[in-house]
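Here is a structure to read closely, with each descriptive term set against the criterion behind it. The questions ask what justifies the words used.

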Amino acid sequence: MAKLAINGGPAEASELKSRIPSWPKASTKAKKALLEALESGKWCRVYSGSKAEQFEKAFASYHDAKHGIAVANGTVSLELSLKTGKIGFGDEVLVPAVTFIASASAITEVGAVPRFVDIDPETAVMSPKALKDSITDMTKAVLVVHYAGYPVDFDEILPIVRRNGLFLVEDCAHAHGTEWKGRKVGAIGDMGSFSFQESKSLASGEGGIVLTDNDVLAERARLMHNIGRVVGRPGYEHFILSSNYRLSELQAALLLAKLDELPKEVEEKHVNGEYLAEKLMRIGGVEPLKRDQRITKRGYYFFVIRYDKTEFNGLPKKRFIEALNAEGVPAGSGYGMPLYKQPAFKKENLDTVIPKGVKTPDYERLSLPGAEKYIAEEVTLPHPILLSGKEGLDLVVNSIQKIKENVDELL
Ligand SMILES: Cc1ncc(COP(=O)(O)O)c(C=O)c1O
């Protein structure tokens, strides 16, 4: 008789769904804050002492940064970071091959050229050696991504960036709460960019922020985010030609209320993530990302499992995920491909985007071994699963164990 749920057996993790908080969470405090903002009649941050200003201060302080500039989403926050660093026409920006498309599209949006750097398949983030090997005369900036909330190796990356006089942007869309050697990410490089889109650890539907410790960059980003106006001076005096990246007061009020919940959730996810990693390592063939003592707090967007099919009698990853889903575990496979394989990087689709006269790498012929290996093995769990308690995570572990023990049913 079939044991696996995919073959009609009972689902091991049938109770898991009810243990995972629905996401995004609308707490009573968040609802009250949103309603108050709505009724205040102040929906745009043109006033001094705005909710956006309060949120910027609070989030920057939580993330160990001197300045924060709240913006409309985590894509324009990357664009604003690059523009603030005066990255533009024809400049080359190094970006990891595995990330969400916005990390690369922000580069073309400012007229620059993305050059993909390989990742380390054990950490899912930019390989320092590959970074060193990828720098050319045209390289002006590096956009690192703390993928899944796993920070890049700053001990290796910072000296390379500084030695070569490059501008460093941290894409922290996955990394709310992540700490490197006791310091939160975001202002370790020149500028950091966060997303508050609804699936993120801190969510307001849409939203973002840039962080920096640099006073000059902060002032420039603030001017640029407000179509060249000084915030709090809502007249028609504009000091730089730019765009409108502002966050609305309604979203800022929501974020301010939800920020109170974030540190506790980050802590809980960190502790539970360690618990899950420990248990998975005992099964074999389902490794977490590499353990590293320098990561003092792990923020999460995904919990990543590196699936080795040879430990599962050759069961393809796709089938493993389907079997896991049938047991009641909401596993996925991240973004599914290295970015250079996206249709957007086909020559005919690039022609309309890249300014005339600017040369691009031949993306279609690219094959980076670390990225290819990582993508072949990547299984992802969404971060709210880490709020399902140890009992919830035991259901995940038991489901994987069950698939391993009964893998012959699937072959
Ligand atoms: C790594 C990364 N960078 C940037 C973004 C863009 O954020 P947003 O959706 O807020 O524009 C995302 C969104 O998922 C992301 O995952």
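A polar contact is a pair of N or O atoms within 3.5 Å. The model discussed here is predicted.

Q: What makes the approach of Thr75 to the ligand a polar contact?
A: A polar side-chain atom of Thr75 lies 2.5 Å from an oxygen atom of the ligand, and because the limit for such a pair is 3.5 Å, the approach qualifies as a polar contact.

Q: Which polar side-chain distances to the ligand support the same term for Lys200 and Tyr335?
A: For Lys200 the distance from a polar side-chain atom to a ligand oxygen is 2.6 Å, and for Tyr335 the corresponding value is 3.1 Å; with the cut-off at 3.5 Å, each is a polar contact. The protein covers 92% of the 390 Å² of accessible area that the ligand has on its own.

Q: How many residues surround the ligand, and which are the closest?
A: The ligand is surrounded by 16 residues, the closest being Gly74, Thr75, Asp171, Ser195 and Lys200; by class, this shell has 6 nonpolar, 8 polar and 2 charged residues.

Q: Why is α10 called roughly parallel to α14?
A: The axes of α10 (residues 262-281) and α14 (residues 389-405) come within 10 Å and cross at roughly 25°. Angles under 35 degrees count as roughly parallel, and α10 is therefore roughly parallel to α14. Their crossing is right-handed.

Q: Why are α4 and α5 described as oblique to each other?
A: Helix α4 (residues 76-84) packs against helix α5 (residues 102-109) at about 45°, with the axes 9 Å apart. Because angles under 35 degrees count as roughly parallel and those from 65 to 115 as roughly perpendicular, α4 and α5 are oblique to each other; their crossing is right-handed.

Conventions. Residues numbered from 1 in each chain as written. Predicted model: local features only at pLDDT ≥ 70, side-chain atom pairs only at ≥ 80, totals over all residues. Heavy atoms only, no water. Near = heavy atom within 4 Å. Polar contact = N/O pair within 3.5 Å; in protein donor to acceptor, adjacent residues only side chain to side chain. Areas by Shrake-Rupley, 256 points an atom, 1.4 Å probe, with all protein chains shown as cover. Nonpolar A, V, L, I, M, F, W, Y, C, P; charged D, E, K, R; others polar. Axes fitted to C-alpha atoms, helices over the stretch in contact; angles between N-to-C directions. Helix = DSSP H or I, 4+ residues; strand = E, 2+ residues; numbered from the N terminus. Parallel < 35°, antiparallel > 145°, perpendicular 65-115°, else oblique. Left-handed = near helix turned anticlockwise from the far one by under 90°.
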